[in-house]
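Here is a short set of exercises to work through with the model open beside you. Try each task before reading its solution.

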Amino acid sequence: MSIASANTNMRVPAGFRNLLEGLAREVLREQPTDVVAFAAQYFQKLLEQREAGAIDPVVWGAMLED
């Protein structure tokens, strides 16, 4: 599959790398059979933790990237 090259400059949002690394680490540790469902549950848990006042991994990751 080929994709036409465009002259666009896209930036990865702050904290995104940390968020994906956390997901990847958990997927490798848990070895789920349904990765998409696992990811949905993982992100739902992060949302619930953030709403409860816990540390937001995106904000924390963005601070590490600076």
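The exercises below go from the overall fold to the core, the salt bridges, a loop residue and a surface patch.

This is a predicted model, in which local features need pLDDT of at least 70 and side-chain atom pairs count only at pLDDT 80 or more, while totals for chains, interfaces and linings use all residues. Residues are numbered from 1 along each chain as its sequence is written, and side-chain values use heavy atoms, with hydrogens and water left out.

**Exercise 1. Describe the overall fold and its surface.**

Step 1: start with the elements. The protein has 3 helices and 0 strands, in the order α-α-α from the N terminus. Helices (H or I, at least four residues) and strands (E, at least two) are DSSP runs, numbered from the N terminus.

Step 2: turn to burial. Of the 66 residues, 21% count as buried; buried means under 20% relative accessible area, exposed over 50%, and partly exposed in between (1.4 Å probe, protein chains only).

Step 3: add the surface. The accessible area is about 5800 Å², and 57% of this belongs to carbon and sulfur atoms. Such areas come from the Shrake-Rupley method with a 1.4 Å probe; for residues, only the protein chains shown count as cover.

**Exercise 2. Find the largest nonpolar core and place Val27 in it.**

Step 1: list the members. The 7 residues are Leu19, Leu23, Val27, Phe38, Ala39, Tyr42 and Leu46. A nonpolar core is a set of buried Ala, Val, Leu, Ile, Met, Phe, Trp, Tyr and Cys residues joined through side-chain atoms within 4.5 Å.

Step 2: assign the members to helices. H1 and H2 (35-51) each supply at least two core residues, and H2 gives the most, with 4.

Step 3: look at Val27. This residue of helix H1 counts as buried because its relative accessibility is 19%. Beyond neighbours within four places in sequence, Val27 is in contact (heavy atoms within 4.5 Å) with Pro32, Val35 and Phe38. Phe38, with the same neighbours left aside, touches Leu23, Glu26, Val27, Glu30 and Pro32.

**Exercise 3. Trace the salt bridges.**

Step 1: count them. The whole structure has 3 salt bridges, each a side-chain nitrogen of Lys or Arg within 4 Å of a carboxyl oxygen of Asp or Glu.

Step 2: take the pair Glu21 and Arg17. Their side chains meet at 2.9 Å, N to O, and both residues lie in H1, 4 residues apart, about one turn of the helix.

Step 3: follow the network that links Glu26, Arg29 and Glu30. Arg29 bridges to Glu26 at 2.4 Å and to Glu30 at 3.3 Å. Arg29 and Glu26 are separated by about one helical turn because they are 3 residues apart in H1.

**Exercise 4. What is notable about phi of Gln31?**

Step 1: read the angle. Phi of Gln31 is near 55°, a positive value in a residue other than glycine. Most residues other than glycine have a negative phi.

Step 2: locate the residue. Gln31 is in the loop between H1 and H2; its relative accessible area is 56%, so Gln31 is exposed.

**Exercise 5. Which residues form a nonpolar patch on the surface?**

Step 1: name them. Val12, Phe16 and Leu20 form the patch, with about 260 Å² of accessible area together. Patches are made of residues with over 30% relative accessible area and no salt bridge: like charges are joined within 9 Å, nonpolar side chains (Val, Leu, Ile, Met, Phe, Trp, Tyr) within 5 Å.

Step 2: check one member. Phe16 lies in H1 (residues 16-30) and is partly exposed, with a relative accessible area of 38%.
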